[in-house]
Amino acid sequence: MTAPAQVGYADLRRVWHEADTVAEIDHAWLYDHLMPIFGDPDGPAFEGWTLLSALAAQTSRLRVGLLVTSNRFRPPAMLAKMAATVDVVSGGRLDFGIGVGSRPGHPLARREYEAHGLPFAETADAIGAFAEACAVIRRLWTSDEPFDADGEYVRLTGAFGNPKPVQRPGPPIVIGGRASSTLRVAAEHADVWNIPGGGDIADLAERSARLDRYCAGIGRDPAEIVRSMQLGVAYEAPGAARDTIGAALDAGFRHFVLSVPAPYPDGVARWLADEVIRPVLSS
């Protein structure tokens, strides 16, 4: 994962080109913020979906995605259209990451809304809108006929998605978040559930078990949802990431998004494979 802030386009393109040649790296991710949430608050920050489309067109092997799209930023029918476009551009390599959106207590994230004239739905409304969005997006990818949606939060008339994504019935849905309300949505809609990782593996395992219970409550097999962790990797201490991945594997996690900080040294993707991925695979 390369956060598209406090960095230039040429550097991001260089790292993704390199990662596309490293067999041990299966996918590459951006995040979805309109202004920096770290470093200089007035520094550069690229819009995620337009940047993702550009990078998807310049890679050939990597699966690509945003970890994760803020459902608060874009109407769901528009988001479904954008995702289908990127899936076509990439030849069917999109993983569709989505979440409720920025935490209301994060001041650098909250300012994005006022700065861009976007309404900020409070938590209960944001969760309701998120659940309806997931259902409508999937339907736009799969429906062969126009349809209306008359939800509490999402209302559409004559909605129709064309072109469809290359992947059928659509790109895998990766839902990110840790709150119980998000886990309930993930139980219904996610193919992959992602959570930021760290030292407290017991907490991650408990939330994974909670997701199992929510799946059981709606009659879904919990094994259908891949457990995913986002993990920062420090250049000076890659061993810490290896240890965390080992513990997370024991807790049932199988999908790891390794976040590397800018500025990116030359050969960073190969370094990541040499120092973190291959040692884990061989252990």
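Trainee: At roughly what angle do the axes of α6 and α7 cross?

Mentor: Happy to help, and keep in mind that this is a predicted model. The axes of these two helices come within 9 Å. The angle makes α6 oblique to α7, and the crossing is right-handed. Its value is roughly 50°.

Trainee: Which residues of α7 make the contact with α6?

Mentor: Let's start from the other side: α6 contributes Ser180, Leu183, Arg184, Ala186 and Ala187. By class, the contact has six nonpolar, one polar and three charged residues. From α7 come Arg207, Arg210, Leu211, Tyr214 and Cys215.

Trainee: What do the buried residues of α7 pack against?

Mentor: Good one to check in the viewer. The buried set in α7 includes Ile201, Asp203, Leu204 and Ser208. The buried residues of this helix pack against α6 (180-189), β8 (192-196), β9 (226-232) and α8 (238-250).

Trainee: How far apart are the end C-alpha atoms of α7?

Mentor: Helix α7 covers residues 201-217, which is 17 residues. At 1.5 Å a residue it should span 24 Å, and the model agrees with that. The end C-alpha atoms are 24 Å apart.

Trainee: Is Lys81 buried, partly exposed or exposed?

Mentor: Lys81 sits in helix α3 (residues 76-89). Beyond its neighbours within four places in sequence, Lys81 is in contact with Asn162 and Pro163. Buried would need under 20% relative accessible area and exposed over 50%. Lys81 has 35% relative accessibility, so Lys81 counts as partly exposed.

Note on methods. Residues are numbered from 1 along each chain as its sequence is written. This is a predicted model: local features need pLDDT of at least 70, side-chain atom pairs count only at pLDDT 80 or more; totals for chains, interfaces and linings use all residues. Side-chain values use heavy atoms; hydrogens and water are left out. Helices (H or I, at least four residues) and strands (E, at least two) are DSSP runs, numbered from the N terminus. The expected span of a helix is 1.5 Å times one less than its number of residues. Buried means under 20% relative accessible area, exposed over 50%, partly exposed in between (1.4 Å probe, protein chains only). Contact means heavy atoms within 4.5 Å. Axes are lines fitted to C-alpha atoms, for helices over the stretch in contact, and angles run from 0 to 180 degrees between N-to-C directions. Angles under 35 degrees count as roughly parallel, over 145 as roughly antiparallel, 65 to 115 as roughly perpendicular and the rest as oblique. A crossing is left-handed if the near helix is turned anticlockwise from the far one by less than a right angle, and right-handed if clockwise. Ala, Val, Leu, Ile, Met, Phe, Trp, Tyr, Cys and Pro count as nonpolar, Asp, Glu, Lys and Arg as charged, and the others, Gly among them, as polar.
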